[in-house]
Amino acid sequence: MPQVGQGILKGMGITLKHLFGKKITRMYPEYKRDLPERSRGMLTVDMDRCIACLQCMRICPDHCISIEQTKRDADGSGKPKPYAIGFVIDDSRCMYCSLCVEVCPVNCIYHTEEFEAQAYNRLELARQFGERPVDPTIDPKPPVKKKPKKAAASADGDAPKRAPKKVPPKKAPKEGAAA
Ligand code: SF4
Ligand code: SF4
């Protein structure tokens, strides 16, 4: 049978322990704790290594990455290749899922230890990389328009209608047969 007041005594014991225990004050923001290993901070991208493959933009579930792509002979080989002239990461939408980091074939987009993203305006949280600013208000992955369903589709789903079964005609009774 549970003892009445046991929870209150236990809670008060913890309170008293901390009331007379050693005080620890962290002088944030001057002093910052070391982040746990594998913690995810704000993203950054190394534009010198980016090959403008757009994979990070395509996989991002929150539509936070927009890339303006062009072609440029950046390495002097005489063959123009895809080049990211503009690159924006919108921190106001990022959920730090790291899918963009995992998909990048050259590991040029990665998390930093920076986590203090604050601004008075949401647009200020869109961080620009590259030579040309990209408009962060334009959705890089607009929803795909679905084709209208055919009028013949049945009302209770998309299953095609079956042709009615053919019923064989009834044979006429022979003359003189017993009733
Ligand atoms: S961490 Fe996730 S939400 Fe943020 S930009 Fe990358 S894919 Fe998008
Ligand atoms: S996946 Fe990597 S290489 Fe490709 S566009 Fe994104 S950052 Fe650049």
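Which elements of the protein have the lowest and the highest mean pLDDT? In this predicted model, the lowest mean among the elements belongs to α1, at 92, and the highest to helix α3 (residues 99-103), at 98. Taken over the whole protein, the average pLDDT is 86, and 84% of the residues score at least 70. Where pLDDT is low, the predicted coordinates should not be read in detail.

The protein contains three helices and five strands, which follow one another along the sequence in the pattern α-β-α-β-β-α-β-β. Among contacts between residues at least 6 apart in sequence, 71% join residues that are at least 24 apart. Of the 179 residues of the protein, 12% count as buried.

Helix α1 comprises the 15 residues 6-20, for which a rise of 1.5 Å a residue predicts a span of 21 Å; the C-alpha atoms at its two ends are 22 Å apart, which agrees with that expectation. The number of buried residues among the 15 of α1 is zero, so this helix lies largely in the open.

The largest nonpolar core is made up of 19 residues, and those with the most contacts inside it are C56, C60, I65, I67, F87, C100 and I109. Two or more residues of this core are supplied by each of β1 (43-45), α2 (55-59), β2 (65-72) and β3 (81-90), with β3 giving the most, namely four residues. The surroundings of one of these core residues, I67, can be described individually: when residues up to four places away in sequence are not counted, I67 touches A52, L54 and M57, and also A84, G86 and F87. F87 is thus both a contact of I67 and, like I67, listed among the residues with the most contacts inside the core.

Two ligands were examined in turn. Around ligand 1 there are 13 residues, of which C60, C94, C97, L99 and C100 come nearest; by class, this shell consists of eleven nonpolar residues, one polar residue and one charged residue. Ligand 2 is surrounded by 15 residues, the closest being C50, C53, C56, C104 and I109, and its shell has 14 nonpolar residues, one polar residue and no charged residues. Several of these residues also appear in the description of the core: C60 and C100, among the nearest to ligand 1, are listed with the best-connected core residues, as are C56 and I109, which are among the closest to ligand 2.

Note on methods
Residues numbered from 1 in each chain as written. Chains lettered and ligands numbered in written order. Predicted model: local features only at pLDDT ≥ 70, side-chain atom pairs only at ≥ 80, totals over all residues. Expected span 1.5 Å × (residues − 1). Buried ≥ 20, exposed ≤ 12 C-beta atoms within 10 Å, placed from the backbone. Near = placed C-beta within 6 Å. Nonpolar A, V, L, I, M, F, W, Y, C, P; charged D, E, K, R; others polar. pLDDT = per-residue confidence, 0-100. Contact = placed C-beta atoms within 7 Å. Core = buried A, V, L, I, M, F, W, Y, C linked by C-beta atoms within 7 Å.
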